[in-house]
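Work through the exercises below with the sequence and the model open side by side. Try each task before reading its solution.

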Amino acid sequence: MSDATLRRLPVQVQRPAYDRDATRIGVVHFGPGAFHRAHQAVYLDDLLASEPDWAICAVSLHSAGVRDALQPQHGLYTLALMDEPPRLRVVGAIREVLCAPQQRDAVMARLADPAVRLVTLTITEKGYCLSADGVDAAHPDIAHDLSAPDAPVSAIGWLVAGLRARRAAGLAPYTMLSCDNLADNGLRLRRAVVDFARRLDPALADWIDAEASFPRSMVDSITPASDDALRARVADALGVEDVWPVQREPYMQWVVEDDFRAGRPAFERVGVVMSDEIAGFDRAKLRLLNAPHSALAYLGSLTGLETVAEAMRDAALAGFVERLMRADIAPTLALPEGLDANAYIDAILERFRNPAIVHRLSQIAWDGSQKVPVRLLGTIADALAADRPVDRLCLPVAGWLRFVVRQAQAGVTLVDPMDAALSHAGRAATGDAAHDVAGFLALEAVFAPCAGDARFAAALRGAYAALGDATPAAVRAALATVAGEGDA
Ligand code: CS2
């Protein structure tokens, strides 16, 4: 795959509808994983024909894998839309790919370039190194960057290094747009960046706070990790090799708060929803899509299933998750005008059932310490505040704990930034609900949203006990009992 092979692709393969050489880099993106390449880069690919100033410089913060795969391909890669049959498209929006630890000067030059007015991020929840109200200064990457601000390793450190250079050069700050699954992602990013900057230079912090914008956004498209089957399918259909194609469901959505002080692409022309009701959208998506996803991931893994579609074919699991969405989660949400809860839930369940997608539960199970609080504990906190029952909501949380215990006791390393603490609690588990749950609740960073609430602790103990020894049969029995409880 390269600029030269673009012309030789089969006619049915969609390709950039513009002259790539006529585009200019206007966006720096941190974290060019599959999600970015399947989502934001595709919106910009649609836009570049009419607005050539918003091509992307993609920057990996850690590994060289994406750079090494995409640079020889001139930034080109294939997107497979997993319909029946799949549709292929070659995306050209990424014009440069850098690996930050190896190409520091090039990254800094882009961040300080006046043509760059937007920096976007998909660095996953853990990449922000957040504390409750700013940045976690004790995080090793943040501590490193505070002592060596010219040689950053974290996303926050890079953003502030770039802003410092721009201020020194008399340039305006770029807009920073978080595209990760966090409620109020822009507000949290602002607080982290300003907090970090204040620890270095209060005047810089004040300048950023006054001059820069951090719009909030909600992103949505189910993007299973790339695999060999995808590579083979793409090579076969294209007649050329693509080292790192990506795949996603046909559906995608991007809702963005319209707060771009440095100017912005005409996003609305390519289907991005510009909205000031972003908080309604982001919570609806996190709580009605990501939370059920995590519920399926943990409870489904314990039941011995492997993919979301398989879990949705399991009547006990599918029934439980649907009940959770309609009876427990939806009532806690203030939905934006025009978003109907039942229709939204129907569409999500249909997407989960898509048989063309092999979305591994193990992929969704990663990083539970970062996902469970934003996906489930916020709903539980709201339900408690409204005096609503939380027993059903606690079952997926208990499922996560059981999953951690199982992995820890089998000696499997968890993919989670809190692996050490979680595995410690998991190894110490005896099967006694009161003992085990108390061990996990001591992890304050995770359970903060419901901290100290005795009703939550009791419901979590009950759910943990209901899962019994967490064999598939025990999990199914718990699902059936808890799914039917109450008439909330
Ligand atoms: C999933 C998300 O992996 C996960 O945790 O829940 O990546 C989900 O597929 C996307 O947010 C859908 O937009």
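**Exercise 1. Find what covers helix α18, and sort its residues.**

Step 1. Start with the cover. The buried residues of α18 are covered by elements including α16 (368-385), α17 (391-409) and α19 (433-441). Helices here are DSSP runs of H or I with at least four residues, strands are runs of E with at least two, and both are numbered from the N terminus. Contact means heavy atoms within 4.5 Å.

Step 2. Note the ground rules. This is a predicted model, in which local features need pLDDT of at least 70 and side-chain atom pairs count only at pLDDT 80 or more, while totals for chains, interfaces and linings use all residues. Residues are numbered from 1 along each chain as its sequence is written, and side-chain values use heavy atoms, with hydrogens and water left out.

Step 3. List the buried set. Helix α18 spans residues 419-428, and its buried residues are Asp 419, Leu 422, Ser 423, Ala 425 and Gly 426. Buried means under 20% relative accessible area, exposed means over 50%, and partly exposed lies in between (1.4 Å probe, protein chains only).

Step 4. Look down the axis. The buried residues of α18 fall within an arc of 160°, so they line one face of the helix. The arc is that of the directions from the helix axis to the C-beta atoms.

Step 5. Turn to the other side of α18. Ala 420, His 424 and Arg 427 are exposed there.

**Exercise 2. Describe how α17 and α18 pack.**

Step 1. Choose the descriptors. Two packed helices are described by the angle between their axes and the distance between the axes.

Step 2. Read both values. The axes of α17 and α18 cross at roughly 85° and come within 8 Å. Axes are lines fitted to C-alpha atoms, for helices over the stretch in contact, and angles run from 0 to 180 degrees between N-to-C directions.

Step 3. Classify the angle. The helices α17 and α18 are therefore roughly perpendicular to each other. The classes are: under 35 degrees roughly parallel, over 145 roughly antiparallel, 65 to 115 roughly perpendicular, and the rest oblique.

Step 4. Name the contact residues. From α17 come Trp 400, Val 404, Val 405, Ala 408 and Gln 409, and from α18 come Leu 422, Ser 423, Gly 426 and Arg 427.

Step 5. Sort by class. The contact of α17 with α18 has five nonpolar, three polar and one charged residues. Ala, Val, Leu, Ile, Met, Phe, Trp, Tyr, Cys and Pro count as nonpolar, Asp, Glu, Lys and Arg as charged, and the others, Gly among them, as polar.

**Exercise 3. Which side of α10 is buried, and what covers it?**

Step 1. Pick out the buried residues. In α10 (residues 228-238), Leu 230, Val 234 and Leu 238 are buried.

Step 2. Check the arc. These residues cover only 45° around the axis, which puts them on the same side of α10.

Step 3. Find the cover. It includes β3, β4 and β9 (246-248).

Step 4. Inspect the face turned away from the buried side of α10. It carries the exposed residues Asp 228, Ala 229 and Asp 236.

Step 5. Step past the helix end. Just after α10, Gly 239 has a positive phi of about 75°.

**Exercise 4. Place Leu 443 and Leu 479 in their surroundings.**

Step 1. Locate Leu 443. It sits in the loop between α19 and α20 (444-447). Its relative accessible area is 14%, so Leu 443 is buried.

Step 2. List its contacts. Not counting neighbours within four places in sequence, Leu 443 is in contact with Met 418, Ala 421 and Leu 422.

Step 3. Locate Leu 479. It lies in α22 (residues 472-484). Its relative accessibility is 0%, so Leu 479 counts as buried.

Step 4. List its contacts, again without neighbours within four places. Leu 479 touches Leu 299, Ala 316, Leu 317, Phe 320 and Leu 395.

**Exercise 5. Inspect the backbone in three loops.**

Step 1. Go to the loop between β3 (77-81) and β4 (87-91), which holds Pro 85. A cis peptide bond joins Glu 84 and Pro 85, with omega about -5°.

Step 2. Go to Thr 124, in the loop between β6 (118-121) and α6 (140-147). Thr 124 is not a glycine, yet its phi is positive, about 65°.

Step 3. Go to Asp 387, in the loop between α16 and α17. Asp 387 also is not a glycine, and has a positive phi of about 60°. At 65% relative accessibility, Asp 387 counts as exposed.
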